[in-house]
Every structure is written in structure tokens, then in C-alpha cells.
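Morning, everyone. Please look at the screen, and I'll walk you through one protein.

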Amino acid sequence: MASTGNPSTVTASINYFIPPDSGVRAYVNINADPISGKREQNVSLAPREMVIENVRGKEDEYTLDNAGFQFHRSPAKHTSFLDDEEIKKEYYPEAIELYKKLTGASRVVIFDHTIRRHRPGQIDHSPEKRQPVAQAHVDQTTKASIARVHRHLPEEAPELLKKRFQIINLWRPINVPAFEWPLALCDYRSIVPEADALPIALVYPDSEGETYGIVHNPDHKWKYLRGMTPEEIVLIKCSDSIQDGSVAVFTPHTGFIDPSTPPDAPHRESIEIRALVFYD
């Protein structure tokens with residue numbers, strides 16, 4: 001694969017959300033229409049050119065508590081990522097241990113995972129065909145994260161919610177380095193949460209969640225780790241019950257088209273684990 005160097009920054013389009021008119025509740029249907037390839041929704045997106053810093057070589061400056069994301073090198077024992085049951089049996093346990101090692105958590109409960117394989121022209125209308133997400137978002141609002149605890153651990157939820165808990169994603173490239181459609185993360189310290197985070201109902205065929213769509217702010221500081229390999233991971237905080245200003249609460253993130261991507265780079269493939277993270 002040809003190399004185009006290792007730029008310290010790139011300028012690329014980030015798709016930001018535009019709220020619906022009249023203050024009505026924003027919503028997005030999770031599955032695209034199989035004919036049109038479009039999702040039913042009442043929000044729109046507007047691309048903005050943003051500087052995205054390549055943090056390779058200074059990954060350790062960014063932590064879950066200060067920025068809302070954290071990089072780490074940790075090769076996986078499970079490497080095929082082809083069968084969901086094998087992933088749950090083999091990859092989930094090693095992911096749980098990695099979560100605990102990096103966060104100090106006492107308990108980690110994985111509630112789902114998504115594999116994304118970029119296939120140009122393929123419509124994202126089912127879990128088996130998920131494509132990179134090209135919009136600035138956070139997977140759960142605070143309300144949705146609390147509902148997740150009740151949904152997955154109904155009997156224990158009242159006690160668990162008395163202590164600190166988080167939802168954290170563990171994202172990893174699979175098979176090939178992620179030069180194409182890399183993941184950009186927004187440093188929480190550059191965000192004004194009450195102005196920049198728009199609650200959006202995420203409508204599934206049999207349920208409903210709530211995410212944050214991110215509204216443009218020129219002060220946002222976007223970061224990425226160029227050419228992340230399958231031996232590297234990033235933890236992405238989606239929610240934190242500590243909201244007193246002392247730590248990052250969430251991390252907006254998005255896939256983006258990197259102008260420095262080598263022309264012969266393989267299509268991005270990745271897996272993201274989503275987990276409830278508890279502390280004693």
C-alpha cells in the first residue's frame with residue numbers, strides 16, 4: 001500500500017446535525033429503506049470543514065476522564081470476527097478484561113456489538129450490512145444510558161445506579177488498518193454540552209433509544225489516530241453518571257473521509273463493543 005506520509009492534521013468534512021423546525025422531537029429510523037437507501041428522519045445534516053488532528057505519537061495525552069476517549073495497544077486473541085456466537089464466546093471475555101484493566105471498573109456487562117465493513121454502494125438496512133457512520137453523534141443520552149441499565153439488569157438496576165456507572169464502546173479495526181473511513185473523536189473539553197448535543201429518538205423495529213446528534217460548534221477539537229491497526233483499540237465514552245464538571249461525560253465521534261488516505265487502502269472493517277461499566 002502506498003504511503004502519503006503521516007500528516008499532523010487533515011482538513012475534512014464532518015457531518016453535523018441541524019435540529020428540526022418548531023422544537024419538535026428529533027428522530028431517526030435506524031434502518032435505511034431497502035429501496036431508496038435513505039433513513040426516515042426529521043433532522044438533516046450539514047457538512048462543515050474541520051481540522052482533525054492526528055494524535056499518533058501522543059496518544060497518552062487523551063484519557064476517558066479528560067477527553068472522553070482513550071487509545072491502547074492490545075492485540076486480540078480472537079481475530080476472525082465472522083460469527084456472532086464465536087465473538088460472544090471468545091471476544092467478549094477478553095474485551096471485558098481489557099475494559100477492567102484500563103478503567104479500574106469492578107464489573108462490565110457487554111450488551112451488544114456491531115461489525116462494520118465498508119462496501120461502497122451497499123445499503124445499510126440490516127445489522128449484517130452496517131456501514132461506517134458519517135455523522136457526528138453520541139450513542140446514548142443520559143436518559144437512554146439509565147434505561148439501558150434497567151433493560152439489561154432490571155433486578156440490580158436500583159442498587160447499581162447508586163454508584164458511578166458508564167457506557168463505553170471499545171472500537172477496533174479488524175483484518176486491515178483503518179486508513180480508509182477512519183474514526184474521528186471530539187475532545188469533550190471543546191464541547192458545550194447543552195448547546196452542542198441534540199437528543200434524537202433512535203427508532204428500531206421493536207424499540208426506541210435516544211442518541212445525541214452533534215450540532216456544529218467551530219471550537220470543536222477533533223482527533224484521530226491515523227492508520228489504526230487491528231492491534232489497537234480506542235475506548236469511547238458515551239455516558240458517565242458523574243456530571244459535576246470534573247470528568248468528560250461523553251465523546252462525539254464519526255467516520256470521515258480522510259484526504260490523506262492512500263489510494264490503494266483497503267476498505268475499512270471494524271468492530272465496536274458496547275458495555276455497561278460499573279464501579280464499587
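One term before we start: a residue is buried when its relative accessible area is under 20%. Also keep in mind that this is a predicted model.

Now take helix α1. Its buried residues are Ile 87, Tyr 91, Tyr 92, Glu 94, Ala 95, Leu 98, Tyr 99, Leu 102 and Thr 103. What covers them? Several strands are part of the cover, including β4, β5, β7, β12 and β14.

Let's walk along this helix. α1 runs over residues 84-103. At its N-terminal end sits a cap, Asp 83. A side-chain oxygen of Asp 83 lies 3.0 Å from the backbone nitrogen of Glu 85. Further on, the helix has a kink of about 40° at Tyr 91. The proline Pro 93 follows shortly after that kink. Tyr 91 is also on our list of buried residues. Just after the helix comes Gly 104, with a positive phi of about 80°.

Next, the whole protein. How many helices and strands are there? Four helices and 14 strands. The radius of gyration is 18 Å, and the globule rule gives 19 Å for 280 residues, so the protein is as compact as a globular protein of that length. The C-alpha trace spans about 55 × 50 × 40 Å along its principal axes. Of the 280 residues, 52% are buried. Now the contacts with a separation of 6 or more: 80% of them join residues 24 or more positions apart.

On to the cores. In soluble globular proteins, nonpolar side chains tend to be buried together. Here the largest nonpolar core has 32 residues. Among those with the most contacts inside it are Ile 14, Trp 222 and Phe 256. Strand β1, residues 9-18, gives the most to this core: four residues. Look at Ile 14 and set aside its neighbours within four places in sequence. Its contacts then include Ile 52, Ala 136, Trp 222 and Phe 256. There is also a second, separate core, with 24 residues. Ile 87 belongs to that second core, as do Val 108, Ile 168 and Val 277. We met Ile 87 before, as a buried residue of α1.

Last topic: cysteines. How many disulfides does a search of the whole structure find? Zero. Why is Cys 186 not in one? The closest cysteine sulfur is in Cys 238, 14 Å away, and that is too far for a bond. A disulfide needs the two sulfurs within 2.5 Å. Both cysteines are buried, Cys 186 at 0% relative accessible area and Cys 238 at 1%.

Key
Residues numbered from 1 in each chain as written. Predicted model: local features only at pLDDT ≥ 70, side-chain atom pairs only at ≥ 80, totals over all residues. Heavy atoms only, no water. Buried < 20%, exposed > 50% of the residue type's maximum accessible area, 1.4 Å probe, protein only. Bend = angle between axes of the 7 residues up to and from the residue. Helix = DSSP H or I, 4+ residues; strand = E, 2+ residues; numbered from the N terminus. Contact = heavy atoms within 4.5 Å. Polar contact = N/O pair within 3.5 Å; in protein donor to acceptor, adjacent residues only side chain to side chain. Core = buried A, V, L, I, M, F, W, Y, C linked by side-chain atoms within 4.5 Å. Rg over C-alpha atoms; globule rule 2.2 N^0.38 Å.
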